[in-house]
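Please work through the exercises below with the sequence and the structure open beside you, and try each task before you read its solution.

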Amino acid sequence: MALLVRSLARSPCFLRQTSMLVSRRSKMATNAYEEMSRYWTRNRKLNRPLSPFLTVYKPHLAMMTSLTHRITGVVMQVAICGTAIILLCFPVDFKKCLEYVRDLSLPAPLIYGAKYVFAFPVTYHFLNGLRHLAWDAGYGFGLKTLYRSGYFVIALSAVVSTYFVFGIKPSAL
Amino acid sequence: MATVMLLRACSRGSRNLLLQMRALPQCQSQAVISKPFTASPALATIEYFRARRGPFTPEEKRGKNHIMTASTHWKVERIVAVAMVGIMPAALFIQGSTMDHLLSTFVYLHGFWGIDGVLKDYMLKFVPWICKLWYLIAIVGFAGLVNFNYNDVGVCKAIQMIWSL
C-alpha cells in the first residue's frame with residue numbers, strides 16, 4: 001500500500017522527466033540543412049548585410065601562386081578529360097582535323113596565343129609543382145625562400161613557355 | 001582576440017579594457033564595406049548551396065571501405081608526381097607508343113587526384129555524391145585517352161602535330 005502511494009506520488013515527476021526528454025530529443029532531431037535554411041530565411045527577412053569574406057584578403061605572392069597552381073591544374077585536367085570524352089563520342093580522324101585547321105590559315109598572333117594557352121599552364125604547373133615537392137620534403141618554408149622561389153618560378157615559366165612557343169617548331173607532319 | 005584583450009586589461013586595469021572595446025568598432029566600420037544581402041527568395045538554386053549536406057561527424061568524414069590509409073595514399077600521390085618530373089621532360093625527346101601510354105596514365109592519374117581534392121575542398125559539403133560522379137567521368141575520360149592512343153595517332157604525335165601549325 002505504502003509502495004503504491006509512493007509510486008503514485010513519484011509518477012508525475014517521472015512523466016514530466018520523460019516529456020522533457022522527448023521534447024529535447026525532437027529539438028535535436030533537426031538536421032543541419034533545416035537549421036541553416038532557418039538561419040538564412042531569418043537573416044534575409046531582417047535584410048542583414050553579409051560579413052565580408054573574399055575581399056578582406058590583401059593578395060600576396062603565396063596566395064597568388066597557389067591559386068594559379070590550382071587553376072592551371074584544374075583547367076588542364078578539364079581540357080584533357082573533355083577532349084578525351086568528346087573524341088570518344090565523335091570519333092574524328094585527327095590528321096583530317098589538323099588539315100582543316102591548317103587550311104583556315106589563322107593569323108600568326110592567334111596561333112602563337114593559342115600555343116601560349118597550351119604551354120604556359122603546363123610549364124607553370126610543372127615548375128610550381130617542383131616547389132610543392134620541395135615543401136613536401138621539408139625545404140623552402142622560410143618567408144624569404146618562399147618569395148624568392150615564387151618569383152623564380154614565375155620568371156622561369158615565362159621564359160620556358162616562350163621557348164616552347166617560339167623555339168620549337170616541328171616540321172609539318 | 002578576446003584573451004589578448006583580457007590579458008592587456010589584467011596588466012593595465014579594467015578601465016583600459018572598456019576604452020579598448022569602445023575604440024574597436026570605429027576602425028572596423030571605416031575599413032570594411034559590407035554588401036547588403038538582398039537576394040530574393042526566388043533564387044532557389046542559391047538556396048541549394050546555403051546548406052551543407054556533407055560529412056559532419058568524424059565517422060562520416062573518415063569514410064568507409066578505404067583501400068589504404070590516407071597517409072599511404074598521399075605517398076602514392078607524391079610518387080606519381082615525382083615520376084612525372086622525369087616523364088614530362090623525357091617526352092620532349094623520346095616519343096612513341098610507350099611514351100604515349102606512360103604520359104597519359106601518369107598525367108591523368110595526377111589530374112584525377114587533383115580534381116578530387118578540389119571537389120572535396122569546395123563541393124563535397126554541398127553535394128555529397130560529387131566525388132563518385134567525378135570517378136565515373138574520369139573512367140570514361142581515361143577510356144577515351146586509351147582509345148586515342150590505340151586507334152588514333154597518340155598523344156605525343158598529336159601534340160607534335162598541333163605544334164607544327
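Two rings of Phe, Tyr or Trp, the six-membered ring being used for Trp, count as an aromatic pair if their centres lie within 6.5 Å. Planes under 30 degrees apart make the pair stacked, planes over 60 degrees apart make it edge-to-face, and the rest are tilted. Keep in mind throughout that this is a predicted model.

**Exercise 1. Aromatic pairs**

Task: State how many aromatic pairs the structure holds over all chains, and then classify the pair of A:Tyr112 and A:Phe166 and the pair of A:Tyr116 and A:Phe166.

Solution: Begin with the total, which is 11 aromatic pairs over all chains.

Next, take A:Tyr112 and A:Phe166, whose ring centres are 4.7 Å apart and whose planes make an angle of 40 degrees, so that the pair is tilted. A:Tyr112 belongs to helix 5 (residues 108-137) of chain A and A:Phe166 to helix 6 (residues 143-167) of chain A, and the pair thus links parts of the chain that are 54 residues apart.

Then turn to A:Tyr116 and A:Phe166, where the centres are 6.3 Å apart and the angle between the planes is 70 degrees, so this pair is edge-to-face. Because A:Tyr116 lies in helix 5 of chain A and A:Phe166 in helix 6 of chain A, this pair ties together parts that are 50 residues apart in sequence.

Finally, put the pieces together: A:Tyr112, A:Tyr116 and A:Phe166 form one aromatic cluster.

**Exercise 2. Accessibility of the cluster**

Task: Decide whether A:Tyr112, A:Tyr116 and A:Phe166 are buried, partly exposed or exposed.

Solution: The step needs two cut-offs, since a residue is buried under 20% relative accessible area and exposed over 50%, and is partly exposed in between. A:Tyr112 has a value of 31% and is therefore partly exposed. A:Tyr116, at 30%, counts as partly exposed, and A:Phe166, at 48%, is partly exposed as well.

**Exercise 3. The interface of the two chains**

Task: Describe how chain B and chain A meet, going from the whole interface to a single residue pair.

Solution: Start with the contacts, in which 52 residues of chain B and 45 residues of chain A take part. Between them the two chains bury about 4300 Å², and 73% of this area is on carbon and sulfur atoms.

Now consider the polar side of the interface, where there are eight residue pairs in polar contact, with both residues at pLDDT 80 or more. The count of salt bridges between the chains is two, and in one of them the side chains of B:Asp121 and A:Arg70 meet at 2.6 Å, N to O.

Then ask which helices of chain B each supply at least two residues to the side that touches chain A. They are helix 5 (70-93), helix 6 (97-122), helix 7 (130-151) and helix 8 (155-163), and helix 6 gives the most, with 10 residues. By class, this side of chain B has 33 nonpolar, 10 polar and nine charged residues.

**Exercise 4. Two asparagines with positive phi**

Task: Locate A:Asn47 and B:Asn65, and say how accessible each one is.

Solution: A:Asn47 has a phi near 55 degrees, a positive value in a residue other than glycine. A:Asn47 lies in the loop between helix 2 (32-45) and helix 3 (61-89) of chain A, and its 44% relative accessibility makes it partly exposed.

For B:Asn65, phi is likewise near 55 degrees, and the residue sits in the loop between helix 4 (58-62) and helix 5 of chain B. At 75% relative accessibility, B:Asn65 counts as exposed.

Notes. Residues are numbered from 1 along each chain as its sequence is written. Chains are lettered from A and ligands numbered from 1 in the order in which they are written. Side-chain values use heavy atoms; hydrogens and water are left out. Contact means heavy atoms within 4.5 Å. Buried area is the accessible area (1.4 Å probe) that two parts lose on being put together, summed over both. A salt bridge is a side-chain nitrogen of Lys or Arg within 4 Å of a carboxyl oxygen of Asp or Glu. A polar contact is a pair of N or O atoms within 3.5 Å; within protein, one must be able to donate a hydrogen and the other to accept it, and residues adjacent in sequence count only if both atoms are side-chain atoms. Helices (H or I, at least four residues) and strands (E, at least two) are DSSP runs, numbered from the N terminus. Ala, Val, Leu, Ile, Met, Phe, Trp, Tyr, Cys and Pro count as nonpolar, Asp, Glu, Lys and Arg as charged, and the others, Gly among them, as polar. Buried means under 20% relative accessible area, exposed over 50%, partly exposed in between (1.4 Å probe, protein chains only).
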